[in-house]
Amino acid sequence: MTTSTFRLIERRTLSPTAQRRLRAFGEQSEAVAELFLSRRVTSMGVQEGLLLLREICLREQISTVDMLDRIERHAVDHSGAVCAAGFLRWLRDRRATQLEGGAAHLLSPPDGTDVHGPAPGFERVVVEAGVLGDQTPLGRLPWLSEAPRTIGEAALQLLLRVCGCHPAAQVQVVPSFDSVARSADFAQGKRTLLLAPRGRRFLRACPCAPTAIGCGYQNLDLIQNCPMDCSYCFLPGYLNQPGIVVYSDWLRVFAELESLGNVRVGTGELSDSLALERETGFAHALAAWFIRRGGPTLELKTKTADVSVFRDLATGSEIEHVVAGWTITPARLGRREERLTASVQDRLEAAAEVAGLGYRVALHLDPMTLYPGWLGDHLELLDQALSAVPTDRLAWISLGLMRVNERVRERMAFRAGGSLTVASNFERGFDGKLRYPVQQRVAAYTEILEHIRRRAQEVPVYLCMEESSVWREVSSRVTGGFVGLDRLSKGRSQWRG
Ligand code: SF4
């Protein structure tokens, strides 16, 4: 940008969000800024216009400059003059238009490469002062080898283990995370591991969506944030921390678990359950506890192909209480959108091995994106998954169509290469998030559920974060519908499909 453009922007006091969005246009920032400023668009309008412009350019795969040429010709009012209101209206209309032939072109990875692969190592390990000196005693932990006696000792064990995995990482001790600089790039922030006490409960009921039908799930937060980097991930819209937080006082969780009834518990909401297993050993310790206790049910949900925990503990009938969950995506979509995860093929091979060891396996088709050819891709994916895992080893299947809030939508649009999801035609849903229109959701769930029921009549299937009218409509269309949900947990009894 030239100095004069900068001055113009400063005079208009663009919000930090708008300035960040503008910078994402790179070399074309100047042209974009001048266009908006010369149209006298309000600051809010600039913010909205930049997001619309980015999404339109991504899904139509044209350059910003080409798009600006077209705007010059079309964004006019009734007298033929280009004006701010006409300009924004034109952008909104164009964004709302269904793409002729869809956006299938976005299914090729941006640079032609496969984005799967191992996550890079941590560059920094940051420890909050006081963590290692905490003398609070821990109770008996007989299922752990080398059980620490205090929280501080447990934190030291964890730190040594992390450093052993990442010997090149710089270790820093800080008074609090507030003093750690946040990276403007969320993905870059994932190169920092933060060791800190949680200081509050680890278990919490899954918040779901306010008026959706819940599934009674309990989330267990031992790690916050994830080293993988899916383009559609919702975490950047919710987390505001300078790295991946690993809780140093994690062993307190077992006292909380003692009082649990017959519920499903999982560590895969604010992180991936196995992505940092080498560094932490959390999944192994948790699974050992659930097996020893003989319930409730622990789900380890992942996009890795790491089966070491399951191999290590695969003896005895109580492994019924540990479920291995995989989130699966059509291969050509995963190759584009699921950076640093294992390929879908590798995940399914891992699922087959774990089912062969006697564990139950859960499958999550969530989030599902609708694009030209989505149905064929998803049915093929289901066929592969149902061939890999025998139906008597399937614990449950969850289905969830893409839903995003504004912050996640912005990140998807402005991240390098963009996300296929920006090509979707969303509308405001029952919970304020952007969702596919209701009838489209009902039709999509019906197709998928029908296909599952052709091959697996008894396996519980549920919709994640969906409103009751959608559940009812889908249930009425599919023979067998949502059978078996009462087997999942007490929380499911609210559904009477
Ligand atoms: S694996 Fe899950 S938590 Fe990790 S980046 Fe992908 S969507 Fe986010």
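The crossing of helices H4 and H6 is left-handed in this structure, which is a predicted model. Helix H4, covering residues 43–60, and helix H6, covering residues 84–96, pack at an angle of about 35°, and their axes lie 10 Å apart. On the side of H4 the contact is made by Gly 45, Glu 48, Gly 49, Leu 52, Leu 53, Glu 55 and Ile 56, while H6 contributes Ala 84, Leu 88, Leu 91, Arg 92, Arg 94 and Arg 95. When the residues of this contact are sorted by character, six are nonpolar, two are polar and five are charged.

Attention turns next to strand S11, which spans residues 322–327. Six of the six residues of this strand are buried, and S11 is therefore largely enclosed by the rest of the structure. In a regular strand, side chains alternate between the two faces of the sheet. In S11, Val 322, Ala 324 and Trp 326 point one way, whereas Val 323, Gly 325 and Thr 327 point the other way, and the residues of both sets are all buried.

The pairing of S11 with other strands can be described in turn. Strand S10, made up of residues 297–302, runs parallel to S11 and is joined to it by five bridges; within this pairing, Leu 298 stands opposite Val 322 of S11. Strand S13, made up of residues 360–368, also runs parallel to S11, and five bridges join these two strands. Here Trp 326 has Leu 363 of S13 as its bridge partner.

Within strand S10 lies Glu 299, a charged residue whose surroundings can be followed in some detail. Glu 299 counts as buried because it has 25 C-beta neighbours inside 10 Å, where 20 or more are required for a residue to be called buried. Although Glu 299 and Val 322 are 23 residues apart along the chain, their C-alpha atoms are separated by 5.9 Å. If neighbours within four places in sequence are left aside, the residues in contact with Glu 299 are Arg 264, Gly 266, Gly 268, Val 323, Gly 325 and Ala 362. Of these contacts, Val 323 and Gly 325 are residues of S11 that point the same way from that strand.

The model also contains a ligand, and the residues around it are Cys 226, Met 228, Asp 229, Cys 230, Cys 233, Leu 235, Asp 272, Lys 303 and Thr 341. The shell that these residues form around the ligand divides into five nonpolar residues, one polar residue and three charged residues.

Note on methods. Residues are numbered from 1 along each chain as its sequence is written. This is a predicted model: local features need pLDDT of at least 70, side-chain atom pairs count only at pLDDT 80 or more; totals for chains, interfaces and linings use all residues. A residue is buried if 20 or more other C-beta atoms lie within 10 Å of its own, exposed if 12 or fewer, and partly exposed in between; C-beta atoms are placed from the backbone. Helices (H or I, at least four residues) and strands (E, at least two) are DSSP runs, numbered from the N terminus. Two strands pair if DSSP finds at least two bridges between them. Two residues are in contact if their C-beta atoms, placed from the backbone, lie within 7 Å. A residue is near a molecule or strand if its C-beta atom, placed from the backbone, lies within 6 Å of it. Axes are lines fitted to C-alpha atoms, for helices over the stretch in contact, and angles run from 0 to 180 degrees between N-to-C directions. A crossing is left-handed if the near helix is turned anticlockwise from the far one by less than a right angle, and right-handed if clockwise.
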